[in-house]
Structures are given as structure tokens and as C-alpha cells.
Amino acid sequence: MTLPVWAVAALQEHAPLASASDEARMHFDTLRARVEAADTLVATEVARSLHELADEGKTAVFAQAIWAAKYFASRESHRIREAVPEAQRLNAKIRTGLLELASLARLQARLVDDYSLSGFLLPDAADCLSDLSRRFPAWSLISGLPRVIGVSMNTGQPIPALADVLEAFANSGVLKPLADRGEDDGGHWLGDSLSSRKNTADVAHVLLHALSRLKHHPHVPPEFHLSDVGVAALVRTVFGTDQGTGFADKIDADGIGKLRRRA
């Protein structure tokens with residue numbers, strides 16, 4: 001028996017990038033071999049639990065399971081926790097740098113304008129979009145560049161200068177300080193699932209947390225509820241016994257049900 005097409009697609013979706021480390025590649029190869037060895041389980045229990053979804057939906061659910069197993073490994077979870085404060089530090093540094101660049105750009109623009117200097121002009125948003133369209137053809141399909149230029153010419157409204165663009169990036173929702181975004185802390189999308197490895201529910205907890213993020217997925221209807229049997233089958237498929245857990249293959253529907261009721 002071989003894996004269903006949607007399961008293969010999910011594996012391909014999370015295959016390591018060209019820049020991935022050898023260790024990351026080895027970890028994913030182990031994960032892929034584990035999933036391929038569970039092809040009968042995937043084609044039976046997992047497939048039955050996903051029967052009401054189209055193939056795109058099946059791929060989405062299975063991909064979340066792959067994603068969870070890809071990052072929840074004893075050697076990786078510690079590194080992820082260490083990466084959180086470093087990512088926060090870099091986020092703040094990037095924002096500060098963008099605001100400093102925006103200030104410098106405004107100062108230069110004022111000098112150029114006040115003293116009619118030449119050769120010092122900075123690009124505006126239209127120039128940036130044009131360059132992106134040349135370098136990344138797909139960008140021209142979503143940038144709306146002709147409309148931006150047309151509106152500017154017909155209304156006299158200026159196209160944003162580089163300083164405006166930099167400032168907009170700095171104040172975007174992604175780069176804003178966490179306090180301004182109304183969040184207590186930044187972290188990994190698996191949340192507190194990474195913080196504890198004390199009991200046999202850890203891998204199931206991780207998977208349930210990952211699956212909960214599918215509620216807004218375009219191919220997974222909001223009313224879809226993966227059965228306890230389906231969750232248990234996914235846990236056994238993507239975690240197995242070679243993760244250092246030794247118990248993932250023992251997790252059953254009753255255990256998943258108890259975990260869900262405690263949540």
C-alpha cells in the first residue's frame with residue numbers, strides 16, 4: 001500500500017528548503033520514513049476520519065500534523081525556545097533601523113528640495129514597485145502599480161516617498177512592539193505545547209494545538225471536527241516511537257477524548 005495523494009502533497013509542502021541544515025534534512029527524512037511506514041494507518045483510520053473533506057482539506061489537516069512533528073523533537077524544542085527572545089530582539093532592531101532610515105530619508109529629501117540638489121533623489125513607492133515587478137513578475141499581478149500611478153496622475157495625490165514606505169513597514173502590525181499589538185509575549189505558533197514534556201499527552205497536546213489553527217483554513221469547513229480516533233491515528237502516524245517518546249503508539253481515542261475534555 002502507498003500513501004494517498006493528499007498525504008504525499010502534505011509531506012512535499014513541508015520538505016526542507018535548499019538552505020536547510022543537514023540536521024534538519026535528516027530529521028525530516030526520519031519523519032518522512034515514519035509516515036511512509038504508516039501508510040496502512042493513513043489509508044484506513046486517518047482517511048476515514050477525513051472522508052468529509054475534499055483532497056485539499058485532507059492535505060491541509062495532514063500537513064498540520066507533519067508541521068507539528070517537524071518541530072516537536074527533543075533536540076529542536078529547546079532551540080525553538082531559545083530562538084524566541086532572539087527573534088524578539090531582531091524584530092525590535094529592524095523596526096528601530098527602519099524608523100532611523102525613514103528619518104534620514106526625510107532629512108535628505110528636505111535638503112534636496114531646499115537647495116535644488118540633483119543626483120540625490122531617493123525612490124518613491126512607484127519606483128520600488130516597478131523594481132519589484134521586474135525582479136518578481138508575480139508581484140505585478142498583485143501590486144496594482146498601474147492603478148497607483150493612474151490615481152496619482154488624475155488626482156494630484158503624491159505617491160509615497162521612500163521615507164513613507166519605511167515608516168509604514170516599521171509601524172506595521174508585524175513589527176510593532178508586542179505591547180502595542182495587545183500581546184503578552186511573542187513565541188512559537190505551537191505555544192505552550194513546547195514548554196512541557198512531562199507526560200504522555202505532550203505529543204497529542206502539540207497535535208491538537210496545531211489542528212486548532214485550521215479553523216480559518218479555506219479548505220477546512222468551520223464545522224469540521226476531527227474525531228478522537230482520527231487525532232489518535234495522526235499522533236501515531238507522525239510521532240511513533242522513534243521520537244524518544246516511547247508512548248505515541250499507545251495513544252488511543254479514549255486518551256485524546258480525556259485530553260480534549262481537560263482543555
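Q: What do the axes and angles refer to when two helices of this predicted model are said to cross?
A: Happily, it is simple: axes are lines fitted to C-alpha atoms, for helices over the stretch in contact, and angles run from 0 to 180 degrees between N-to-C directions. Taken that way, the axes of α4 and helix α11 (residues 228–238) come within 10 Å and cross at roughly 45°.

Q: Why are α4 and α11 called oblique to each other?
A: Angles under 35 degrees count as roughly parallel, over 145 as roughly antiparallel and 65 to 115 as roughly perpendicular, with the rest oblique. The crossing is at roughly 45°, so α4 and α11 are oblique to each other. Their crossing is right-handed.

Q: Which residues make the contact of α4 with α11?
A: From α4 come Val-61, Phe-62, Ala-65, Ile-66 and Ala-69, and from α11 Leu-234, Thr-237 and Val-238. By class, there are seven nonpolar, one polar and no charged residues.

Q: What makes α1 oblique to α4?
A: Helix α1 (residues 5–13) and helix α4 (residues 55–71) pack at an angle of about 45°, with axes 8 Å apart. That angle makes α1 oblique to α4. The crossing of this pair is right-handed.

Q: Where do α1 and α4 make their contact, and how do its residues divide by class?
A: On α1 the contact is made by Trp-6, Ala-7, Ala-9, Ala-10, Leu-11 and Glu-13, and on α4 by Asp-55, Lys-58, Thr-59, Phe-62, Ala-63 and Ile-66. They divide into eight nonpolar, one polar and three charged.

Conventions
Residues numbered from 1 in each chain as written. Predicted model: local features only at pLDDT ≥ 70, side-chain atom pairs only at ≥ 80, totals over all residues. Heavy atoms only, no water. Helix = DSSP H or I, 4+ residues; strand = E, 2+ residues; numbered from the N terminus. Left-handed = near helix turned anticlockwise from the far one by under 90°. Contact = heavy atoms within 4.5 Å. Nonpolar A, V, L, I, M, F, W, Y, C, P; charged D, E, K, R; others polar.
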